[in-house]
Every structure is written in structure tokens, then in C-alpha cells.
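Work through these exercises with the model open beside you. Try each task before you read its solution.

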Amino acid sequence: MSDFSISSLLNSTTSISNTSAQKLQDSLNNSESDTTDEKLLEVCKSFESYFVEQVIKEARKTVSSEDDEGEYMQYFGDILNQQYASAITDQSDLGLAQQLYESMKRQ
């Protein structure tokens, strides 16, 4: 039977977050070569979503809540932040992805 603990889940969450940041960086680096406009725009939208996720994560640190104190909420809170960021990016027009896209397209 495998050892299952909350601390290992939290460590894996940090690892997943670092891995997704690395994948995003790799996508941005790859987008500098010959790519289609659609792929470049998708990478820019991914960056916008990641940026919004980081803003949400930092904003949560400023507010203390009883819901955030549980060990499971610490793990699933990251997933919740990702979903919020995805929804915000898809349903609103922050414009960050579009500005980044236009800037990269000019270069």
C-alpha cells in the first residue's frame, strides 16, 4: 500500500504548478519560431490565464478565511484558483492576451 499524506499532495501541487509554468515558458519560446497566428494567440491566452491565477493566489493570501484553513482546501484551492482563472479569462476581455499577441506579432 502506498503512503498517502496531505504533505505529499501539497508537494505535488507545487511541482505541478512549477511544471505548468515551465510548459508555458516552453510554449512561449517555441512560439517565437514560425507558428500560426492561432497557436500564438492560444499561447498568449494561456499566459493571461496563468497570470490571473497568480493574481488570485496572491489576493487570497491577503484574506483569511475559515474555509482556507483545512489541509484539503490548501490542496484543492490551487485547482479552484485555476478554474477561476480559466473562467475569468474565457468570459471577460482583460486584453492582456491580445496586447501580448500584437506585441509578439510585430517582432
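**Exercise 1.** Decide from its relative accessible area whether N81 is buried or exposed. Then find its place and its contacts.

Solution.
- Step 1. This is a predicted model. In it, N81 has a relative accessible area of 3%.
- Step 2. Buried means under 20%. Therefore N81 is buried.
- Step 3. N81 sits in helix α3, which covers residues 71-91.
- Step 4. Leave out residues up to four places away in sequence; N81 then touches E53, I56, K57 and R60.
- Step 5. Two of these partners, E53 and I56, appear among the buried residues of α2.

**Exercise 2.** Do the same for T89: is this residue buried or exposed?

Solution.
- Step 1. T89 also belongs to helix α3.
- Step 2. The relative accessible area of T89 is 11%, so T89 is buried.
- Step 3. Beyond four places in sequence, T89 touches K45, E48, S49 and V52.
- Step 4. E48, S49 and V52 are listed as buried in α2.

**Exercise 3.** Check the length of helix α2 against its number of residues.

Solution.
- Step 1. Helix α2 runs over residues 37-61, which makes 25 residues.
- Step 2. The expected span is 1.5 Å times one less than the number of residues. For α2 this gives 36 Å.
- Step 3. The end C-alpha atoms of α2 are 37 Å apart, which agrees with the expected span.
- Step 4. Now look at which residues are covered. In α2 the buried ones are L40, V43, C44, E48, S49, V52, E53 and I56.

**Exercise 4.** How many salt bridges does a search of the whole structure find? Describe each pair.

Solution.
- Step 1. The search finds 2 salt bridges.
- Step 2. Recall the principle: side chains of opposite charge can pair when their charged atoms come close.
- Step 3. Take K105 and D37. Their closest N and O atoms are 2.2 Å apart. This pair links distant parts of the chain, with K105 in helix α4 and D37 in helix α2, 68 residues apart.
- Step 4. Check the exposure of this pair. K105 is at 43% relative accessible area, so K105 is partly exposed. D37 is at 37% and also counts as partly exposed.
- Step 5. Take E58 and K61. Their closest N and O atoms are 3.1 Å apart. Both residues lie in helix α2, 3 residues apart, or about one turn of the helix.
- Step 6. Check the exposure again. E58 counts as partly exposed at 43%. K61 is at 62%, so K61 counts as exposed.

**Exercise 5.** Find the aromatic pair and say how its rings are arranged.

Solution.
- Step 1. The whole structure holds 1 aromatic pair.
- Step 2. The partners are F47 and F51, with ring centres 6.4 Å apart and planes at 25°.
- Step 3. Planes under 30 degrees apart count as stacked. Therefore the rings of F47 and F51 are stacked.
- Step 4. Place the pair: F47 and F51 both lie in helix α2, 4 residues apart, about one turn of the helix.
- Step 5. Link this to helix geometry. An α-helix has 3.6 residues a turn, so residues three or four places apart point the same way.
- Step 6. F47 counts as partly exposed at 26% relative accessibility. F51, at 42%, also counts as partly exposed.

**Exercise 6.** Which residues form a nonpolar patch on the surface?

Solution.
- Step 1. The patch consists of Y72, F76 and I79.
- Step 2. Together these residues have about 310 Å² of accessible area.
- Step 3. Y72 is located in helix α3.
- Step 4. The relative accessibility of Y72 is 52%. The cut-off for exposed is over 50%, so Y72 counts as exposed.

**Exercise 7.** Step back and describe the whole protein. How many helices and strands are there?

Solution.
- Step 1. The protein has 4 helices and 0 strands. Along the sequence the pattern reads α-α-α-α.
- Step 2. The protein has 107 residues, and 21% of them are buried.
- Step 3. Consider contacts with a separation of 6 or more. Residues 24 or more positions apart account for 77% of them.
- Step 4. One example of distance in sequence and space is Q98 with K45: 53 residues apart in sequence, 8.0 Å apart from C-alpha to C-alpha. Q98 lies in helix α4, residues 96-106.
- Step 5. Finish with the surface. The accessible surface is about 7900 Å², and 50% of it belongs to carbon and sulfur atoms.

Methods:
Residues numbered from 1 in each chain as written. Predicted model: local features only at pLDDT ≥ 70, side-chain atom pairs only at ≥ 80, totals over all residues. Heavy atoms only, no water. Helix = DSSP H or I, 4+ residues; strand = E, 2+ residues; numbered from the N terminus. Buried < 20%, exposed > 50% of the residue type's maximum accessible area, 1.4 Å probe, protein only. Contact = heavy atoms within 4.5 Å. Patch = residues over 30% accessible without salt bridge, like charges linked within 9 Å, V, L, I, M, F, W, Y side chains within 5 Å. Areas by Shrake-Rupley, 256 points an atom, 1.4 Å probe, with all protein chains shown as cover. Salt bridge = Lys/Arg side-chain N within 4 Å of Asp/Glu carboxyl O. Phe/Tyr/Trp six-rings, centres within 6.5 Å; stacked < 30°, edge-to-face > 60°.
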